[in-house]
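Please open the model in your viewer and keep a selection panel at hand. The tour below proceeds by selection, and each stop says what to pick next and what is found there.

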Amino acid sequence: MDLPLLSALFAAFALLLYVLLDGFDLGVGALLLLQPDERLRDRMVDSIMPTWDGNETWLIMAGVAMLAAFPIAYGILLPAFYLPLIIMLLALGLRGVSFEFRYQTEQGRRLWDRCFALGSIVAALMQGLIVGGLIQGVTVDGERFAGSVFDVFQPFPLFVAVAVLAGYVVLGAGWLHLKATPPLRGFAERILHLVAPTFVVLVAAGCGAAAMVQPGVDAAWAQHPILLGVIAALFLGAATALLLAVGGRADGRPFFLGLALFALAFAGFGVTIFPNVVPFRISLWAAASATLSHVFLLVGAVIVTPMVLAYSAFAYRVFRGKTPESGWET
Amino acid sequence: MTLDPTLLARIQFGFTVSFHIIFPTISIGLAMFLAIVEGLWLKTRDPLYLQIYRFWLGIFAMGFGVGVVTGIVLSFEFGLGFARFGQIAGPAIGPMIALEVLTSFFLEAGFLGIMLFGLNRVGPRLHFLATCMVALGTLLSASWILSANSWMQTPDGVTMENGHLVVTDWLKVIVNPSWLYRLPHMLAAAYLTGSFLVAGVGAWYLLRGEHVDFGRRTVSLGMAFATVLIACQVFIGDLVYGRMLQYQPAKMQAAEGFWEEQSQSPAPYYWIIVPDQANQKNLFTIGTPYLGSIWLTHSLDGRVEGLKNTPRDRQPIMGWVFYGFRVMYGIAILMFGVVVASLWLHWQGRLFTSRWFLRTLVVMTPSGVVATLGGWYLAETGRQPWVIYNILRTNDAVSPVPAQVLLSTLIAFVCIYALFMAGFLIFTGRAIRKGPRVATDHAESTGSLKHALKPAVLDDPGRNRPVTE
């Protein structure tokens with residue numbers, strides 16, 4: 001069995017779940033900035049409050065799976081993205097404490113909501129910057145990062161950063177479309193009408209720009225034209241369906257189509273860089289740790305992940321339906 | 001001035017990890033406390049327990065939140081500041097931390113939402129299960145991370161092949177020589193921290209004559225737990241000491257403050273030293289004569305080994321190790337004294353009325369946190385100059401990140417974390433001043449609302465104000 005490949009699939013699974021789940025949390029957080037009504041902001045935060053912690057945990061899972069299975073890549077990519085990662089971690093921290101602290105104060109709530117939004121927006125931008133930086137490529141010498149920590153601050157990664165933020169806002173607005181009653185739902189619809197088309201345009205432009213900054217992207221298209229073509233077609237189809245579903249009777253449809261958009265973009269990214277774990281430089285097999293590390297990780301993952309998914313789903317089920325207007329009773 | 005990237009990376013890691021450990025220590029302790037209190041409530045249906053639960057749940061949630069966000073930072077810092085450490089240690093500690101995430105972080109996160117917001121949605125029994133799962137999650141988390149850290153202290157079950165570390169025996173990696181000693185030590189420390197925290201706040205209410213029922217019950221619970229725990233901790237601490245003396249002699253040599261290969265006889269027990277590492281001597285010492293021989297060699301004239309037994313390029317910096325140890329040990333002695341006093345006062349029937357004792361408890365509120373920090377400084381600075389003992393030097397583990405960048409991010413961490421700490425302290429302080437809420441809507445569903453609204457009349461002579469509830 002190809003253990004490094006299985007570990008890579010597990011890490012990718014964790015990362016995808018992170019992007020999907022914390023994506024809508026961060027999107028809701030970013031939208032706090034645009035919502036002047038404090039009662040509605042309370043309900044926005046209430047809608048994500050009981051489950052955000054588990055969502056964010058998938059980020060740690062992805063990072064640590066990489067440490068366990070691909071330590072060489074971990075030791076190259078983390079210094080390469082030192083600045084965006086540190087800024088992201090601080091921003092996630094600010095968002096995380098704002099969750100707790102905003103409930104503790106009446107007069108200071110607006111300030112903590114601003115921190116919440118700022119943390120969410122900056123974290124989203126930094127994640128996009130890292131994706132852009134991965135496509136742009138990092139300078140490697142043997143097992144060491146040999147570039148500058150400022151390499152990532154280039155036009156293309158910055159462009160991707162904006163696209164990811166827009167995507168998270170689509171997810172967040174889709175979540176509110178699902179969880180909120182009017183007038184908050186109307187707010188979500190207006191956002192979706194505006195930002196969803198913007199996101200699609202940004203992704204399309206980003207794909208074109210990627211081929212210009214990174215020859216490896218061209219090579220991937222040449223190698224998998226049908227697969228990538230199908231992914232792109234499905235993406236456009238899902239985007240159209242999403243726009244048509246906004247304001248419709250199916251509360252959840254825009255949200256789930258938004259998740260599909262992200263899953264497709266993620267798949268396209270995966271196909272483009274496969275089989276490298278440091279994109280276009282080091283393959284997952286070259287960066288892998290020895291067999292027993294994969295065995296331990298994978299046995300643990302196979303046994304425990306189904307349980308994690310089961311009780312995470314249970315937690316979502318406990319808080320299913322429309323978020324109560326009076327907040328969660330304690 | 002030239003900046004040393006190694007030093008800056010270490011300060012950054014030291015700062016962020018020190019800040020972080022405060023919150024899990026509190027969370028581990030409070031989670032167990034909450035589970036016990038909710039269990040007592042389910043068993044007795046005494047609304048006072050529900051009141052205690054709700055009050056401490058709010059503070060637990062805030063501490064847990066800060067712990068989570070500062071913990072995420074750490075899981076990336078293994079690569080951000082110490083890339084080579086990640087590359088070398090990843091195959092061994094990576095899978096362990098991955099299992100920590102899977103078995104513990106998700107468990108905590110999945111059930112925390114229910115614990116905090118779900119009492120009316122899932123019913124008391126399932127809610128109690130959620131609390132227990134969160135407490136279990138904190139315990140599992142401590143187990144895995146202590147195993148990973150103990151492996152760095154006493155690595156086993158691995159070999160080096162072509163500059164890469166290869167795991168040969170997982171059982172030896174996980175059950176490495178110091179884990180089974182250090183894990184109970186840390187758990188007892190966290191539970192002691194929770195006990196003194198809870199008792200300290202209860203004592204503050206008793207001193208003010210507010211929330212007297214609440215204060216009495218929490219002082220009782222806190223001191224009861226502390227009594228059992230400090231007795232265990234003295235015993236466990238001694239075992240850890242012996243174990244580390246065997247596996248990391250340099251650490252324990254530095255911890256006692258002696259330089260010469262054999263100390264004078266009889267050896268004093270130093271309380272304060274001013275070490276001069278460059279000249280391998282102490283500039284100044286204050287100690288108790290004979291006590292070093294008695295405590296450390298169990299004889300009147302035994303000699304104690306000093307740091308010169310370890311070659312200079314393998315020595316830790318004595319000052320950090322010594323004072324980390326003394327802070328932890330000093331507070332342990334104080335805790336022991338407080339527990340003895342509480343037993344005496346309890347026997348005399350004056351536990352809730354001795355103002356000097358209650359004041360001492362208030363002062364001791366954060367003592368567990370400080371002692372735990374001291375212990376970790378002993379453990380981590382005493383392992384230096386190694387990051388993985390005898391395998392990888394800290395100097396060789398640092399990332400290729402420029403010193404100016406490291407300095408900038410260090411400053412950013414300090415600023416943002418100061419905001420976190422300020423928020424935590426202000427809101428916790430506010431919650432404590434506001435006091436526990438009474439007569440909850442949920443008490444109604446258990447049929448004990450009447451009981452909750454009319455607390456039993458107290459016959460406490462030391463009470464000088466009516467209960468404001």
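**A first stop in chain B**

Select B:Arg45, which is partly exposed because 15 other C-beta atoms lie within 10 Å; here a residue is buried if 20 or more other C-beta atoms lie within 10 Å of its own, exposed if 12 or fewer, and partly exposed in between, with C-beta atoms placed from the backbone. B:Arg45 is in the loop between helix 1 (5-44) and helix 2 of chain B, where helices (H or I, at least four residues) and strands (E, at least two) are DSSP runs numbered from the N terminus. B:Arg45 has a positive phi of about 60 degrees although it is not a glycine.

Before going on, note that this is a predicted model, in which local features need pLDDT of at least 70 and side-chain atom pairs count only at pLDDT 80 or more, while totals for chains, interfaces and linings use all residues. Residues are numbered from 1 along each chain as its sequence is written, and chains are lettered from A and ligands numbered from 1 in the order in which they are written.

Next, select B:Asn162, in the loop between strand 1 (158-161) and strand 2 of chain B. B:Asn162 also carries a positive phi, of about 50 degrees, although it is not a glycine, and B:Asn162 is exposed, with 5 other C-beta atoms within 10 Å.

**The two chains as wholes**

Now show chain B alone as a cartoon: its secondary structure comes to 16 helices and six strands. The radius of gyration of chain B is 24 Å, close to the 23 Å that the globule rule gives for 469 residues, so chain B is as compact as a globular protein of that length; the radius is taken over C-alpha atoms, and the rule is 2.2 Å times the number of residues to the power 0.38. The C-alpha trace of chain B spans about 70 × 50 × 45 Å along its principal axes, and buried residues make up 54% of the 469 residues.

Switch to chain A, whose secondary structure comes to twelve helices and four strands. Along its principal axes, the C-alpha trace of chain A spans about 55 × 40 × 35 Å, and buried residues make up 56% of its 330 residues.

**Where the chains meet**

Which residues should be coloured to see the contact of the chains? It takes 56 residues from chain B and 58 residues from chain A, two residues being in contact if their C-beta atoms, placed from the backbone, lie within 7 Å. The largest share of the side of chain B that touches chain A, 23 residues, comes from helix 3 of chain B. By class, that side of chain B has 37 nonpolar, 16 polar and three charged residues, where Ala, Val, Leu, Ile, Met, Phe, Trp, Tyr, Cys and Pro count as nonpolar, Asp, Glu, Lys and Arg as charged, and the others, Gly among them, as polar.

Within this region, select helix 4 (residues 71-80) of chain A together with helix 2 of chain B: their axes come within 8 Å and cross at roughly 100 degrees, axes being lines fitted to C-alpha atoms, for helices over the stretch in contact, and angles running from 0 to 180 degrees between N-to-C directions. That makes helix 4 of chain A roughly perpendicular to helix 2 of chain B, since angles under 35 degrees count as roughly parallel, over 145 as roughly antiparallel, 65 to 115 as roughly perpendicular and the rest as oblique. The contact is made by A:Tyr74, A:Gly75, A:Leu78 and A:Pro79 of helix 4 of chain A and by B:Phe76, B:Gly79 and B:Leu80 of helix 2 of chain B.

Then pick A:Ile86, in helix 5 (residues 82-102) of chain A, which counts as buried with 27 C-beta neighbours inside 10 Å. Not counting residues up to four places away in sequence, A:Ile86 touches B:Leu80 and B:Thr409.

**Two cis peptide bonds**

Finish with a cis peptide bond in each chain. A cis bond joins A:Phe274 and A:Pro275, with omega about 0 degrees, and A:Pro275 lies in the loop between helix 11 (253-273) and strand 3 (276-278) of chain A. The bond from B:Gln384 to B:Pro385 is cis, with omega near 5 degrees, and B:Pro385 is in the loop between helix 13 (367-381) and strand 5 (386-388) of chain B.
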